[in-house]
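Got the viewer open? Here's a short tour, stop by stop, with something to select at each one.

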Amino acid sequence: MAVTMPREAVAYEASAPAGSGSRAWRRFALNPAALAGSLILLVVVGAALAAPWVAPHDPAKQTLLRRFTPPVWQAGGNAAYPLGTDQVGRDVLSRVIHGARISLLVGVSAVIVSLVVGVTAGLVSGFLGGKVDTVIGTVVDVTLSFPQILLALAFVAALGPSLITIIVVLGLTGWERYTRVVRAEVMALREKEFIEAARAIGVGRLRIIFRHVLPNTVSSIVVMSTLQVAQAILAEAALSFLGVGSGRAYPTWGQMISLGRDFVTVAWWLPTLPGLAILLTVLAINLVGDRLRDALDPRAT
């Protein structure tokens, strides 16, 4: 009987209350800002996934006879090029759609890299404590003392611009935020009764971490990951604008802004439209992330 009770305590404490997940999603679904952000994200993600089929033209095809064609709602516009063409006659709409693929790919992939590194470091640091916590905390403090964009520029300059390089660089310059948040939550959880009960019945460290500690940090990790995707998209756009992004092989929103800035007085749509695409995408992600945080907050009613 003395062994059975701690096992029940562990199972009870480690599992979420019945219906709590459904209540959280109900709060999220009933929030107008969350719905608006989700709708925008669905459109962007859908267009990115179906880019080869929904884009009206090849994003790299040049037609000098059509250069600087204005958007369709302006005088001189052409319905075949709804958002106009750039300085070498490439279709802006097609390039914006294909650019969404790169931005979302970089944003999600970089966050996955940060997630794996940061959450692992946070779990180890918070659960073990002692010298391990001191070493990991020092590395986090040193990393946070450098601006992310400068670290990214240094790595890209050393390794050369490419899609893989951008993903790895942004992933390895954003992990420390996960480490700090997860470490703080683990340090609070490791003294809870259900963790002590698990230790008392001889459960190993790895099992405690992955079975009982990690599931209780998932809500914070999900919210942070959502918001980090937006930051990674902005960082990729900034690097592409500076000319050290994923290279010339792929159309990206930051690259389009950089190429169009010299023609803003004669073709305002070249830097403006990809800029609006970045704005709407990042805004939608932030709306979803903020409302998701509110919905998963255990103090919310």
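Start by selecting Ser 103 and showing whatever touches it: setting aside neighbours within four places in sequence, Ser 103 is in contact with Ile 233, Glu 236 and Trp 253. Ser 103 itself sits in helix α5. Its relative accessible area is 1%, so Ser 103 counts as buried. Keep in mind while you click around that this is a predicted model.

Next, colour by pLDDT. The protein chain averages 82, and 89% of the residues score at least 70. Now pick residues 1–19: pLDDT stays under 50 over this stretch, and the model has 16 contacts for it beyond four places in sequence.

Back to α5, this time with a partner. Select helix α3, residues 32–49, together with α5: the two pack at an angle of about 105°, with their axes 8 Å apart. That angle falls in the 65 to 115 degree range, so α3 and α5 are roughly perpendicular to each other. Which residues in α3 and α5 meet? Show side chains for Val 44, Val 45, Ala 47, Ala 48 and Leu 49 on the α3 side, and for Ile 97, Ala 100, Arg 101 and Leu 104 on the α5 side. Sorted by class, this contact has 8 nonpolar residues, no polar ones and 1 charged.

Now move to the loop between α5 and α6 (130–144), where you'll find Gly 129. Is Gly 129 buried or exposed? Its relative accessibility is 10%, under the 20% cut-off, so Gly 129 counts as buried. Leaving out neighbours within four places in sequence, Gly 129 is in contact with Val 124 and Arg 190. Add a distance label from Gly 129 to Arg 183 as well: C-alpha to C-alpha they are 9.4 Å apart in space, with their positions 54 residues apart in sequence.

For a backbone stop, select Phe 68, in the loop between α4 (51–54) and α5 (92–128). Phe 68 is not a glycine, yet it has a positive phi of about 60°. With 22% relative accessibility, Phe 68 counts as partly exposed.

Last stop: helix α12, residues 218–241. Put a label between its first and last C-alpha and you should get 34 Å for 24 residues, close to the 34 Å expected at 1.5 Å a residue. Then step just past α12 to Gly 243, which takes a positive phi of about 85°.

How values were computed:
Residues numbered from 1 in each chain as written. Predicted model: local features only at pLDDT ≥ 70, side-chain atom pairs only at ≥ 80, totals over all residues. Heavy atoms only, no water. Helix = DSSP H or I, 4+ residues; strand = E, 2+ residues; numbered from the N terminus. Buried < 20%, exposed > 50% of the residue type's maximum accessible area, 1.4 Å probe, protein only. Axes fitted to C-alpha atoms, helices over the stretch in contact; angles between N-to-C directions. Parallel < 35°, antiparallel > 145°, perpendicular 65-115°, else oblique. Contact = heavy atoms within 4.5 Å. Nonpolar A, V, L, I, M, F, W, Y, C, P; charged D, E, K, R; others polar. pLDDT = per-residue confidence, 0-100. Expected span 1.5 Å × (residues − 1).
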